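Biologist: I am new to this structure and would like to learn how to read it one feature at a time. Could you take me through it slowly?

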Amino acid sequence: MAHSNPTYIQIDRPEQGVVVLSPSADIDMSRSPELRAILRQEMGGGVHKMVVDLEEVHYMDSSGLATLVEAMRNASKTSTQLVICNMNQKVNAIFEIARLDSFFSIVGTRDEAISL
Amino acid sequence: MYLCGARELVGCIARRIGFDDMDCSKISLAVDEALSNIIRHGYGKAFDRPIWIGISPIKPTTDSIGGIIITIEDEAKQVEPCKMKGRELHDIKPGGLGVHIIQEVMDEVRYEKREKVGMRMILTKCAPRPMESPRLSDRKCVCITPQSKSRTRS
């Protein structure tokens with residue numbers, strides 16, 4: 001079920017070929033379909049790096065995690081680098097519980113993600 | 001969708017019982033995953049079907065500072081409790097993580113068929129004893145023994 005507010009994900013293009021997605025709310029089963037749709041839409045087409053900035057995400061469930069796993073797989077197919085940044089401890093905990101913390105490229109800040 | 005409300009409710013009660021912020025967040029996550037699984041799999045993504053949540057504290061004892069028991073009931077299709085198992089994590093793929101997360105977070109996870117229709121899930125977690133002194137630092141909560149973990153859901 002898509003969330004009623006379609007603007008909770010901000011899209012920035014700080015450099016040629018770099019896209020930064022910044023969700024501004026918790027990601028659960030009601031919001032992850034929209035994140036999935038935008039990740040698919042933005043992947044490929046000259047984009048060589050996709051950054052997911054989780055600074056405003058204070059909570060994520062397994063549907064959000066599954067969305068990012070799918071995005072990582074798609075990124076591999078399209079030779080896009082997917083980087084996650086600004087993850088708080090509670091969100092990081094779910095990555096650790098699912099043993100996926102080493103599967104993703106996770107850095108501290110947006111600048112680090114862009115320059116990686 | 002009232003998942004966020006359920007998360008907040010469970011997190012608030014867990015905090016009052018004595019769980020720290022991280023544990024409160026994890027317990028809320030476990031409940032969120034349980035509810036999501038019921039909606040997604042039990043009710044076939046129908047968002048308007050009933051789910052009941054009961055929350056009880058486990059009283060502190062001389063050996064424990066207590067814990068929380070969360071009972072979740074639904075009217076979804078019944079499945080054999082022994083079939084509720086998490087998938088292997090080495091196969092990295094989207095989906096199927098909910099049950100693993102519930103089992104990882106909670107001390108005990110039990111599934112039962114309700115009397116006439118639906119399922120009942122009983123989640124239990126003990127509050128860890130605060131590090132009051134080095135002498136107590138290696139004591140463990142014993143209200144439900146970790147060895148008794150029933151990892152029965154997928």
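Biologist: Against which helices do the buried residues of α3(A) pack?

Modeller: Before anything else, please keep in mind that this is a predicted model. The buried residues of α3(A) pack against α2 of chain A, and together with that against α2 and α3 (98-105) of chain B. The residues concerned are V91(A), A93(A), I94(A) and I97(A), and they cover an arc of only 150 degrees around the axis, which puts them on the same side of α3(A).

Biologist: Which exposed residues does the face of α3(A) turned away from its buried side carry?

Modeller: A residue is called exposed if 12 or fewer other C-beta atoms lie within 10 Å of its own, and buried if there are 20 or more. On the face of α3(A) turned away from the buried side, the exposed residues are Q89(A) and E96(A). Just after this helix comes R99(A), which has a positive phi, near 55 degrees.

Biologist: How many residues of each chain are in contact with the other chain?

Modeller: To read an interface, one can begin with the residue counts and then ask which elements supply them. Here 21 residues of chain A are in contact with 22 residues of chain B. On the chain A side, the elements that give two or more residues are α2 (62-77) and α3 (89-97), and α2(A) gives the most, with six residues. Sorted by class, that side of chain A has 11 nonpolar, four polar and six charged residues.

Biologist: Which residues touch the most other members of the largest nonpolar core?

Modeller: A core can be read through its best-connected members. The largest nonpolar core has 63 residues, and those that touch the most other members are I94(A), I27(B), A30(B), I101(B) and I102(B). Helix α2 (residues 21-42) of chain B gives the most to this core, with nine residues. Taking I101(B) as a case, and leaving aside residues up to four places away in sequence, its contacts are S62(A), I94(A), I97(A) and A98(A) in chain A, with L29(B), A30(B) and E33(B) in chain B.

Biologist: At what angle do α1(A) and α2(A) pack?

Modeller: For a pair of helices, one reads the angle between the axes and the distance that separates them. Helix α1 (residues 32-42) of chain A packs with α2(A) at an angle of about 10 degrees, and the axes are 9 Å apart; the two helices are therefore roughly parallel to each other. On the α1(A) side the residues that meet the partner are S32(A), L35(A), R36(A), L39(A) and R40(A), and they face S63(A), G64(A), T67(A), E70(A), A71(A) and N74(A) in α2(A). By class, this contact has three nonpolar, five polar and three charged residues.

Biologist: In what order do the elements of chain B run from the N terminus on?

Modeller: An overall reading of a chain starts with its elements and then turns to its contacts. Chain B has three helices and four strands, and they run α-α-β-β-α-β-β from the N terminus on. Of its 154 residues, 35% count as buried. Among the contacts in chain B with a separation of 6 or more, residues 24 or more positions apart account for 64%.

Biologist: Is M29(A) buried or exposed?

Modeller: Such a question is settled by counting neighbours. M29(A) counts as buried because it has 24 C-beta neighbours inside 10 Å, and its place is in the loop between β2 (18-23) and α1 of chain A. Not counting residues up to four places away in sequence, M29(A) touches D61(A) and S63(A), as well as L3(B) and S36(B) of the other chain.

Biologist: Where is S79(A), and what is its phi?

Modeller: With backbone angles, one may look at the sign of phi and at the residue type together. S79(A) has a positive phi of about 55 degrees although it is not a glycine, and it sits in the loop between α2 and β4 (81-85) of chain A. Because it has 9 C-beta neighbours inside 10 Å, S79(A) counts as exposed. In chain B, K45(B) is likewise not a glycine and has a positive phi of about 70 degrees; its loop runs between α2 and β1 (51-58) of chain B.

Technical notes:
Residues are numbered from 1 along each chain as its sequence is written. Chains are lettered from A and ligands numbered from 1 in the order in which they are written. This is a predicted model: local features need pLDDT of at least 70, side-chain atom pairs count only at pLDDT 80 or more; totals for chains, interfaces and linings use all residues. Two residues are in contact if their C-beta atoms, placed from the backbone, lie within 7 Å. Ala, Val, Leu, Ile, Met, Phe, Trp, Tyr, Cys and Pro count as nonpolar, Asp, Glu, Lys and Arg as charged, and the others, Gly among them, as polar. Axes are lines fitted to C-alpha atoms, for helices over the stretch in contact, and angles run from 0 to 180 degrees between N-to-C directions. Angles under 35 degrees count as roughly parallel, over 145 as roughly antiparallel, 65 to 115 as roughly perpendicular and the rest as oblique. A nonpolar core is a set of buried Ala, Val, Leu, Ile, Met, Phe, Trp, Tyr and Cys residues joined through C-beta atoms within 7 Å. The arc is that of the directions from the helix axis to the C-beta atoms.
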